[in-house]
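Reader: I am in my first year and would like to look closely at just one part of this structure. Could you take me through it slowly, explaining each term as you go?

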Amino acid sequence: MPVVSVALDVPLHRSFDYLADDATADDIGRRVKVPFGRGRKVGIVIAVGEASELPQHQLKTVEEILRDLPPLPEDWFRLCEFAAAYYQAPLGEVMLQTLPGALRRPDPPKARAIKPKLAKGAVVPALPALTADQEAALAAIRAAPPGFAGWLLHGITGSGKTEVYLRLIADALARGQQALLLVPEINLTPQLEARIAARFPGIELVSLHSELTEAARLRHWKAAFAGRARIVVGTRLAVFTPMPELGLIVVDEEHDASFKQQDGMRYSARDVAVVRARGLRIPVLLGSATPSLESWANAQPGPQQRYRLLTLGERAVAGARLPDIRLVDTRRETLDDGLSPALLAALEARLARGEQSLVFLNRRGYAPVLACPSCGWVSRCKRCAANLVLHLKDRRLRCHHCGFEAGIPRACPSCGNQDIHPFGRGTQRLEERLKARFPDARILRVDRDAARSRKQWEALLEQIHPDEAAGTPRADILVGTQMLAKGHDFPHLTFVGVVGADSGLFAADFRAPERLFAMLMQVAGRAGRAELAGEVLIQTEQPGHPLFAALLAHDYPAFAARELEERRQAGFPPYTYQAMLRAEAPDMADSLAFLKAAKALPILAAHPAVFAYDPVPMRMARLANLERGQLLFECGARPALQAFLSDFGPALAGIAAPSRLRWHLEVDPLEC
Ligand SMILES: Nc1ncnc2c1ncn2[C@@H]1O[C@H](COP(=O)(O)OP(=O)(O)OP(=O)(O)O)[C@@H](O)[C@H]1O
Ligand SMILES: [Zn+2]
């Protein structure tokens, strides 16, 4: 009787054999319902044969081969196999976890058939005449021979990268191919989707992201898999969508950390996108105003060059220029609740002219901590190595790491002092201060507390975008976190004030400057995107910091060159390759003991090219009552690191550890 090997979503690096009397080779790539343990599971057939290593009487029988869908294709298998091997994840987990939920449960609810949404109105908006830079970028891509090509599109903010994507998508559609556009945030998808739909009327376009209902996600995924949907716009998980005629992958804001999955299989969707394009022999375009230093290094001429660099150096809208960026040295100013006279004057001038402003502070809540000045008590999370943030709107203390909440005490819980204060400031406090200062202004706070759901977020966007008929903004001053920093195009926004950026200047993580620079470039890039000129003021106590010199000159290449040189000298990525083993347990001693045992495995000695640091507590050592440690590996060559990991990963399961200990291995970690 035929035997099928089945990949299952279990944390084991192996497949499972079952008997299936009606299985044929055509069923490879189909889902099957199988008994597993005391329950049932859905798996994927990865091989069909006549024999198993186990004697036949020990094999269970497949309950059903699901033939509702065609088998998952070969190129999808290869992609999952790559991801499993590279990221040290079991193949079954990769395969099943990248499918829509409804396809991996044995008894999913019946889905209703819904007609696809086709973009309405056959009127294609008039295409803008391309800028010279856009023209040149497209010409280079179009002149390349068919096959794999990696392109890095470095376009300053507002330079019209999206227009380049749209033209390339049009090319792919004209060739009869599908296109996949990956974006970092679901927040950005509604506007982008609308823009793409307007450009390609009558073409089926689907989105794939984690906020879709299970039924919608299944429908969209099926449309892509069947080849009906010609364009897929999605967040990181969409990179695994099987698409039979995929001919182009675009990764927008490729530097964004949200392309990295931080639990389960810790993969980088950007890197998987490049691997997928290479396997399919199709082009992949990575776009950003502030590329990741990894991608930037990959696009520099030399023997290591992997991508070709394309540059959009001018803003696309005629007459639009990059904003003037200036620093306000706050050591020399008297601040009004954190706001400098220069910043307040700039806001006032915009209010008088009916233009929009953004005050950017990347910290939500009212104040980052509540403290007692007499005994030194501070509001700490009981479960984490972190402070509880004061939220005055709903009168709560809240941990931004584990979600723990408590009421606000009337008096100091430690000494009884009634006079306890908020220290520092968050967006709520800023909003309150600005409302007091500019009582007639329409002030809108935009952060994760104000936009908890997609509905709330869309309502906020409504208020930010101009009243089309009147041609005026609906909100005067926006107070926002990084939610507002990226990707948005608000034509009346002419002023951006940045407060509280200094904390990023001296962070211990070697990637902190890269993240800060990208964030400041992005937020500055929101100003003056249309005809109205933009201005940016950054409050700082460190005006001499070299990061600001490059920022004021809008000179990403200079920043990148300096930063890469530092990384090279220090032996950090992208000049070395890293993998991180993390362990967490109720006691730090257990976490560290596990990591020590891992470091002592003889495998390490067999791979002399790999350097192992000592196990240490993580920077945030305690999260939700678990104490966390880490063990970092470094190697000068990716293949040597991969060779080590493929021996090391499986061996970890053999280390004896307390039952409450959890560990995971992360390849190319973003946080060290
Ligand atoms: N060739 C063009 N002529 C006129 N306007 C254009 C052209 N290309 C793009 N635009 C307009 O320029 C503005 C900025 O474009 P877009 O949002 O694509 O920039 P971007 O490069 O993605 O910027 P960011 O990185 O800041 O998101 C948009 O309003 C867009 O409609
Ligand atoms: Zn906590």
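Author: Setting aside residues up to four places away in sequence, C384 touches C399, H401, C402, R622, L623 and A624, where two residues are in contact if their C-beta atoms, placed from the backbone, lie within 7 Å. What you see is a predicted model, in which local features need pLDDT of at least 70 and side-chain atom pairs count only at pLDDT 80 or more, while totals for chains, interfaces and linings use all residues. Residues are numbered from 1 along each chain as its sequence is written, and chains are lettered from A and ligands numbered from 1 in the order in which they are written.

C384 has 21 other C-beta atoms within 10 Å and therefore counts as buried; the rule is that a residue is buried if 20 or more other C-beta atoms lie within 10 Å of its own, exposed if 12 or fewer, and partly exposed in between. In the chain, C384 belongs to the loop between strand 16 (369-371) and strand 17 (389-391). Strands are DSSP runs of type E with at least two residues, helices are runs of H or I with at least four, and both are numbered from the N terminus.

C402, one of the residues that C384 touches, has contacts of its own with C381, R383, C384, L623 and A624, if neighbours within four places in sequence are left aside. With 17 C-beta neighbours inside 10 Å, C402 is partly exposed, whereas C384 is buried. The loop that holds C402 runs between strand 18 (396-398) and strand 19 (405-407).

An unreviewed UniProt entry places the annotation "binding site" on C381, C384, C399 and C402. These four residues span 22 residues in sequence, yet no two of their C-alpha atoms are more than 8.8 Å apart, so they gather at one spot. The UniProt positions follow the numbering used here, with feature names shortened, and such annotations may be inferred rather than shown by experiment.

The strands named alongside these loops also build a sheet, for strands 17, 18 and 19 form an open, antiparallel sheet of three strands in the order 17-18-19, and two strands are said to pair if DSSP finds at least two bridges between them. Strand 17 and strand 19 are the edge strands, each pairing on one side only. On average, neighbouring strands of this sheet are turned by 30° against each other, direction ignored; the axes behind such angles are lines fitted to C-alpha atoms, for helices over the stretch in contact, and angles run from 0 to 180 degrees between N-to-C directions. Strand 17 and strand 18 run antiparallel and are joined by three bridges, and L390 stands opposite L397 in strand 18.

The other side of the contacts brings in a part of the chain with higher numbers, since both C384 and C402 touch L623 and A624. N625 follows in the numbering, in the loop between strand 27 (616-623) and strand 28 (626-635). Most residues other than glycine have a negative phi. N625, however, has a positive phi of about 70° although it is not a glycine, and with 13 C-beta neighbours inside 10 Å this residue counts as partly exposed.
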